[in-house]
Amino acid sequence: MIASLFSPIGIAGRVLPNRIVMPAMTTRLAQNDGEMTDKLIEWYRARAAGGAGLITVEMSSPSISGRHRLGEVGVYDRRFLLGLKRLAEAIHNEGSLISIQLGHAGSRAPSAVTGMTPLDPSGISSSVVEGGTHSVTPKALTTTEILQIRADFADAARMVRDAGFDFVELHGAHGYLISQFLSPYENRRQDEYGGSLENRARFGLELLHEVKTACPDLPIVFRLGVEDFFDGGIHIDEAIQVSRWVAEGGASILSVSAGHHRSLPSGEMIIPPMNYPDGIFLDLAARVKATVDIPVIGVGRLHNKELARTAIEQGRVDLIALGRQLIADPDWPNRVRDGLAVRRCLGCNYCAHNMVTGDTVSCVVNGRAGRETQLSLAPKHKGRTIAVVGAGPAGLAFASLVGAANRVIVFEQSASTGGSFRFAGKAPYFGEVTANHESFVSHIAEMEARCRLAGVEFRFNNKVDANALTGFDLVVVATGARLPFGLTRLVFHLLDLGIGRTQLAKWAFNKKVVRDWFYYKARKSTARQGDLNRKAQSETIVIGDAIRPGLAREAVASAFAAALSRQ
Ligand SMILES: Cc1cc2nc3c(=O)[nH]c(=O)nc-3n(C[C@H](O)[C@H](O)[C@H](O)COP(=O)(O)O)c2cc1C
């Protein structure tokens, strides 16, 4: 029988309801010391309720010396057991299985978090990002310290097993400790942990053995970075051999990832943004799958439904992991299964950039991400006739959320949906990443389809006036912001001509001061507060840039806040 995205798979005595995995993604939603919070539980519950078969809780260090973030989930002390139990129960109640990624950050564990000098294989200086970027010179691990880390991993595995977790994952990718041992650049040891591939792989394989011995009944996922993309990192040919050892060492699943924090673009490739191709690591994962006889998880821009489907159907991987897509739309699995439009991830990496600088996770297109305890899924408005003026990112978000429970008509002065998003991909950058037009086009298309599915009607080429708005119970003004002196048209025209791709535009938009001027200072909101509702005599809400020009995330967040009830 050909496997499909939605066929169950049995692994090591567990049955995953489908082939969709939520990979480890740091959220900072735990308390600073790692104590469980309702926010964290609701964050994961939403993704389980959305249909992901296996939820992987974010990277959590069994040793205090390896903690890489304030707000990282605590597994370094038995006192975290009860919180982990609550989390596991919440996920099981939604029908998903749960795993947790155990990872020691090595040289990338900031002293500000651990209170100690970072540890790594050989004392190779490194940069850490925690509320700013700092250069650190770590201390090389002694054999005694290695033994302690092994014992810590065993203790943490016992605790998560006792908490009811179905799997445990070991983080052997992205330039954290296992991956630092694998990389010849970061591992210059002369002892049995350095030199040959066998020696460099020893640390990770010993952790695998330790956890397996401590918890023989707890299946292990090994996440391996199979291509570091920098000289001195590990490359696919060596990684294939390590994969074999990992499988022989008793891992039940190999999760294939790539990229490494040491340099650029290799660091960027860990979470490949919108200008990278879809399915970017699929060939690498398929090569690993051809080598080992345990199931393989592929990751990396697999949010395109057809790509995800064919990756499984063609047997290139056994499971797919969807990271940012499940931040943008936790319901992706259920909606794709049911043939419904989804809220596509833009690949703007705001989730990651914002989080490393110190904030909790959030998303440009999903204003509920990280705020699951504040905003319920239920719309604030029910059974009303609602006019939404403007089909840009805020208007579409609002209409998509309230469409099913109300009669919603969206008035748009241009001939299509998307507003500023139609041009955002033609600018040099979107936030911190190189912009990609296709990413916005496909996001807009799905958002429009999602609105239509919810029964929303669109009136295009309709520069609405107050007369058209009489008779509505609620008018939502989402008309965005514009540059003075009619410059908006000119800028859009120049972007259409490709000015965003020129070196000059890239140089200018690389400067924060230019971006701030363009997005915040120069643009003026278009809503003349109260104008429309005074004339239309209906309740009015102004959302998005129409209230205060800013970034897309703030605009969409305001649409979510206006559309959804508070918990
Ligand atoms: C906000 C954020 C946090 C992440 N944290 C982790 C982590 O803790 N451990 C890990 O192995 N990968 C982490 N990743 C990488 C993801 O697991 C995944 O490999 C990557 O996002 C590529 O998959 P995608 O294209 O489906 O997003 C993180 C990614 C994001 C966006």
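These exercises work through the sheets, salt bridges and two buried residues of the structure above.

The model is predicted: local features need pLDDT of at least 70, side-chain atom pairs count only at pLDDT 80 or more, and totals for chains, interfaces and linings use all residues. Residues are numbered from 1 along each chain as its sequence is written, and side-chain values use heavy atoms, with hydrogens and water left out.

**Exercise 1. The barrel**

Task: Find the order in which eight strands close into a barrel, and state the pairing.

Solution:
- Strands here are DSSP runs of E with at least two residues, and helices are runs of H or I with at least four, numbered from the N terminus.
- Two strands pair if DSSP finds at least two bridges between them.
- The barrel order is β3-β4-β5-β10-β11-β12-β13-β14, with parallel pairing.
- From one strand to the next, the twist averages 25°. Angles run from 0 to 180 degrees between N-to-C directions, and axes are lines fitted to C-alpha atoms, for helices over the stretch in contact.
- Take one pair: β5 (residues 97-102) and β10 (residues 168-172) are joined by two bridges. Opposite Q101 stands E169 in β10.
- Helix α7 (residues 236-248) lies across β11 (220-225) and β12 (253-257), at about 170° to β11.

**Exercise 2. The open sheet**

Task: Work out which strands stand at the edges of the five-strand sheet.

Solution:
- Write the order: β20-β17-β16-β21-β24, in parallel pairing.
- β20 (457-459) and β24 (539-542) each have a single partner strand, so one side of each lacks a neighbour in the sheet.
- Neighbouring strands are turned by 20° against each other on average, direction ignored.
- Inside the sheet, five bridges connect β16 (residues 385-389) with β17 (residues 407-411). I386 has V408 of β17 as its bridge partner.
- A salt bridge (a side-chain nitrogen of Lys or Arg within 4 Å of a carboxyl oxygen of Asp or Glu) joins E457 and R407, with closest N and O atoms 3.0 Å apart. E457 is in β20 and R407 in β17, 50 residues apart.

**Exercise 3. A buried acid**

Task: Is D120 buried or exposed, and which side chain of opposite charge is nearest?

Solution:
- Cut-offs: buried is under 20% relative accessible area, exposed is over 50%, partly exposed is in between (1.4 Å probe, protein chains only).
- D120 sits in β6 (residues 119-120). D120 is buried.
- For charge, Lys and Arg count as positive, Asp and Glu as negative; His and the chain ends are not counted.
- The nearest opposite charge is R262, 5.9 Å away, and D120 has no salt bridge.
- Look at the backbone instead. The D120 side chain reaches the nitrogen of I124 at 3.0 Å, and one of its polar atoms lies 2.4 Å from the nitrogen of G123.
- Contact means heavy atoms within 4.5 Å. Beyond four places in sequence, the contacts of D120 include S107, K139 and E186.

**Exercise 4. A buried pair**

Task: Which residue does R108 meet in a salt bridge?

Solution:
- The partner is E186, at 3.1 Å from N to O.
- R108 lies in the loop between β5 and α3 (111-114), E186 in the loop between α5 (177-182) and α6 (197-214), 78 residues apart.
- Both R108 and E186 are buried.

**Exercise 5. A loop methionine**

Task: Where is M25 placed, and what does M25 touch?

Solution:
- M25 is in the loop between β3 (20-22) and α1 (38-49).
- The relative accessible area of M25 is 13%, so M25 counts as buried.
- Apart from neighbours within four places in sequence, M25 contacts Y44, E58, G323, R324 and I327.

Conventions:
Polar contact = N/O pair within 3.5 Å; in protein donor to acceptor, adjacent residues only side chain to side chain.
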